[in-house]
Amino acid sequence: MTRRLLSAALAAAIGLTAFTATGRAEQPDDGLLYQSLDALKGKKVAFIPIAMGFDLTESWASGLRLDAERFGYELTIRDPNWSVDAGAQAFSQLISEQPDIIVVHPPEIQAYTRLIQQANARGIPVVTMNLKADANGDVFIGANWYEIAVKQTEAIVAACGKDSGKSGKVAVMQGVLTNPTSQYGIQAIEATLKNHPEIQIVSNQAADWDASKAHAIAGTVLKANPDLCGFIGMWDNMDVGIAAAIKEAGRTGEVALVSSGGGNQVSACDNVANGNFSTYISYDAKGQARDLMMAVREILQTGRAEPGASPYALYTPLKTITTDSNYPGACWNLEDVKKYGP
């Protein structure tokens, strides 16, 4: 390498190092850029999921991790691993630690209500993810569970209702009865079916989000109702147990299964493609992850003089996926979100 080339390479390396170290060396301030970066740097964000290790919470956490690394805020994740008591304990501990934002994924409508109110009273903004609590906090990001259940019921009516040539007998598989999916969902199912007396609910049971329990319940329902037309399930990770029971009964494609979930490729589109799910209502957890990133940025930049005083909601747009609408890109891939962000 000539001396001139060596000098040029060295200068380029020094320039790159300077830009990386300062993050601003060659970037002009547009009037908002620097103050927004300063508002995020050094702040503390805490996340309490129901549990880690499945597509919804992993996608949301991926977005927060990306922003924490990019903007220099500290992210803490406290995983209660499906325990309501452990989640409440983690929430209480975080309130005493005074992070700048707490993001929660409530397991039940009432479980975190007082804790959300306590956090707001201590000056901590709260973002609630996907499962609504009785206390609004500052931001709710998630699905309208009533709307989802209406769409699911309409799909089951199309498959089993008037002029379908089917029995009209359907079964409902709930998750946890104190969860918003059940609290609002069953109201929507019953209200929608008032206009369809030909549909009869022959089973309405809870499997506690457990695919094995759903499998056992569905197997019993299928044996008791050999002319069953369909199931309404309330979460894809649980509903694969129903699909397995239908397959074991030799009735895949004959018994409709309408499910819902966050739209992960493996959980959603693949199960529509292979016939496990006849209709799937997606609330797009990847999109929710981006909404969460933006909400955290907004709160950190604007501050909240009185947390909890002016709550707002970002209800997720829904997507209906069937064999006919299962296009490439209808779902997202968790591994890609973990690598590249939402």
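Helices here are DSSP runs of H or I with at least four residues, strands are runs of E with at least two, and both are numbered from the N terminus. With that in hand, here's a quick tour of this predicted model. The protein chain has twelve helices and twelve strands, and two open sheets, each of six strands, give us most of the landmarks. Just after helix H5, for instance, Gly123 takes a positive phi of about 90 degrees.

**Overall picture and confidence**

- The average pLDDT for the protein chain is 92, and 93% of the residues score at least 70.
- Residues 1–22 are another story: pLDDT stays under 50 there, and the model has six contacts beyond four places in sequence for that stretch. Where pLDDT is low, the predicted coordinates should not be read in detail.
- Taken along the principal axes, the C-alpha atoms of the protein chain fill a box of roughly 80 × 55 × 30 Å.
- Of the 342 residues in the protein chain, 47% are buried.
- Take the contacts between residues at least 6 apart in sequence: 71% of them join residues at least 24 apart.

**The parallel sheet**

- Reading across this open sheet, the six strands come in the order S2-S1-S3-S4-S5-S11, and the pairing is parallel.
- Strand S2 (74–77) and S11 sit at the edges, each pairing on one side only.
- On average, neighbouring strands of this sheet are turned by 15 degrees against each other, direction ignored.
- Helix H4 packs on the sheet, where it touches strand S1 (44–48) and S3. The direction of H4 makes about 165 degrees with that of S1.

**Strand S5 and its partners**

- Strand S5 (residues 139–142) is covered on both faces. Val139 and Ile141 are buried on one side, while Phe140 and Gly142 are buried on the other.
- That split fits a general pattern: in a regular strand the side chains alternate between the two faces of the sheet.
- One parallel partner of S5 is strand S4 (residues 126–129), joined to S5 by three bridges. In that pairing, Val127 stands opposite Val139 in S5.
- Strand S11 (residues 312–315) also runs parallel to S5, this time with four bridges. Across from Ile141 you'll find Leu314 in S11, and across from Gly142, Tyr315 in S11.

**Helix H5**

- Helix H5 covers residues 113–121, and the buried ones are Thr113, Leu115, Ile116, Ala119 and Asn120.
- What do the buried residues of H5 pack against? They pack against helix H4 (84–97), strand S3 (101–104) and S4.

**The mixed sheet**

- The other open sheet has six strands in the order S7-S6-S8-S9-S10-S12, with mixed pairing.
- Strand S7 (200–206) and strand S12 (319–321) are the edge strands here, each pairing on one side only.
- From one strand to the next, the twist averages 15 degrees.
- Strand S10 (residues 279–282) pairs with S12 in the antiparallel sense over three bridges, and Tyr280 stands opposite Ile321 in S12.
- Helix H7 (residues 180–193) lies across strand S6 (169–174), S7 and strand S8 (230–233). The helix runs at about 165 degrees to S6.

**Helix H11: a helix crossing and Asp291**

- Two packed helices are described by the angle between their axes and the distance between the axes.
- For helix H2 (residues 33–40) and helix H11 (residues 285–302), the axes come within 8 Å and cross at roughly 100 degrees. Angles of 65 to 115 degrees count as roughly perpendicular, so that label applies to H2 and H11.
- H2 brings Ser36, Ala39 and Leu40 to the contact, and H11 brings Arg297, Leu300 and Gln301. By class, that makes three nonpolar, two polar and one charged residues.
- Asp291 also has its place in helix H11. Is Asp291 buried, partly exposed or exposed? Its relative accessibility is 26%, so Asp291 counts as partly exposed.
- Leaving aside neighbours within four places in sequence, Asp291 is in contact with Ile141 and Leu314. Those two residues stand opposite each other in the S5 and S11 pairing.
- The C-alpha atoms of Asp291 and Tyr315 are separated by 9.8 Å, with the two residues 24 apart along the chain.

Definitions and conventions:
Residues numbered from 1 in each chain as written. Heavy atoms only, no water. Pairing = 2+ DSSP bridges. Axes fitted to C-alpha atoms, helices over the stretch in contact; angles between N-to-C directions. Contact = heavy atoms within 4.5 Å. Parallel < 35°, antiparallel > 145°, perpendicular 65-115°, else oblique. Nonpolar A, V, L, I, M, F, W, Y, C, P; charged D, E, K, R; others polar. Buried < 20%, exposed > 50% of the residue type's maximum accessible area, 1.4 Å probe, protein only. pLDDT = per-residue confidence, 0-100.
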